[in-house]
Amino acid sequence: EITSKQATVVDKKIGKDVDLNDPLRLILEGDFQLTSVENHWEDGQLIAQYESPYAEVIFFVENYSGVLQIDTEDAVVTTPFIMDYEVMMVTKGDRHTLVWADEQKGRVYELYTIGFSEMDAADICSQIILLFEG
């Protein structure tokens, strides 16, 4: 569980290169195609799904308020520091869920990958942090 006492997004500002209608375009290259996007940034929410013949990525941004529950049953859970954020990494086979919070901006990020190594999932996480901090 990740909990917060904040009620709303504090800062809606993001990096200048982020396209909220295709947020990972600059990170996922090659065969990846955006298959779904829900851009509700004004309400503090963004969901984007990408697929390739060999992998899948789902990316969420949400208000950092209330409680976010993460399924860790039958998983390996680690908490590496990536780009100065403590990230909860939940691994089940080739599926990795990475969750981190930016308390100052009032956002929580969730990255879900299938078909990537742990190192590649962590690398995508660091690129997302750099992209959204601008």
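A cavity, as the term is used here, is a set of grid points where a 1.4 Å probe fits but cannot get out. The structure is a predicted model, and by this rule it holds 1 cavity of 30 Å³ or more. The largest cavity encloses about 50 Å³ of space.

**The cavity and its lining**

Rolling a probe the size of a water molecule over the atoms shows where empty space is left. Around the largest cavity, the lining consists of Y85, W100, D102, Y109, I128, I129, F132 and E133. By class, 6 of these residues are nonpolar and 2 are charged, while no polar residue takes part. Two elements, β10 (95-102) and α1 (118-133), each supply at least two residues of the lining. The greatest contribution comes from α1, with 4 residues.

**The nonpolar cores**

In soluble globular proteins, nonpolar side chains tend to be buried together. The largest nonpolar core of this model comprises 32 residues, of which L98, W100, I128 and F132 touch the most other members. At least two residues of this core come from each of β3 (45-51), β4 (56-63), β10, β11 (107-114) and α1. Here α1 again gives the most, with 8 residues. Apart from this core lies another, of 8 residues, including L68, I70, M88 and V108.

W100, I128 and F132 belong both to the cavity lining and to the group of core residues that touch the most other members. Which residues does F132 touch, not counting those up to four places away in sequence? The contacts of F132 are I14, G15, V18, P23, W41, L46, F59, V61, K105 and Y109. Among these contacts, Y109 also lines the largest cavity.

**Strand pairing around β3**

Strand β3 pairs with β2 (residues 33-40) and is also joined to β4. The two pairings are set out below.

| Strand pair | Sense | Bridges |
|---|---|---|
| β2 and β3 | antiparallel | 7 bridges |
| β3 and β4 | antiparallel | 6 bridges |

Between β2 and β3, E38 has I47 of β3 as its bridge partner. These two strands form a hairpin with 4 residues between them, and G44 in the turn has a positive phi of about 85 degrees. A hairpin is likewise formed by β3 and β4, with 4 residues between them. In that second pairing, A48 stands opposite F59 in β4. F59 is also one of the residues touched by F132, a residue of the cavity lining.

Methods
Residues are numbered from 1 along each chain as its sequence is written. This is a predicted model: local features need pLDDT of at least 70, side-chain atom pairs count only at pLDDT 80 or more; totals for chains, interfaces and linings use all residues. Side-chain values use heavy atoms; hydrogens and water are left out. On a 1 Å grid over the protein atoms alone, a cavity is a set of points where a 1.4 Å probe fits but cannot get out, and a pocket is an open set with protein on both sides within 12 Å along at least five of seven lines; lining residues have an atom within 4 Å of a point. Grid points are joined across faces, edges and corners, and a volume is the space filled by probe spheres set on the points. Ala, Val, Leu, Ile, Met, Phe, Trp, Tyr, Cys and Pro count as nonpolar, Asp, Glu, Lys and Arg as charged, and the others, Gly among them, as polar. A nonpolar core is a set of buried Ala, Val, Leu, Ile, Met, Phe, Trp, Tyr and Cys residues joined through side-chain atoms within 4.5 Å. Buried means under 20% relative accessible area, exposed over 50%, partly exposed in between (1.4 Å probe, protein chains only). Contact means heavy atoms within 4.5 Å. Two strands pair if DSSP finds at least two bridges between them.
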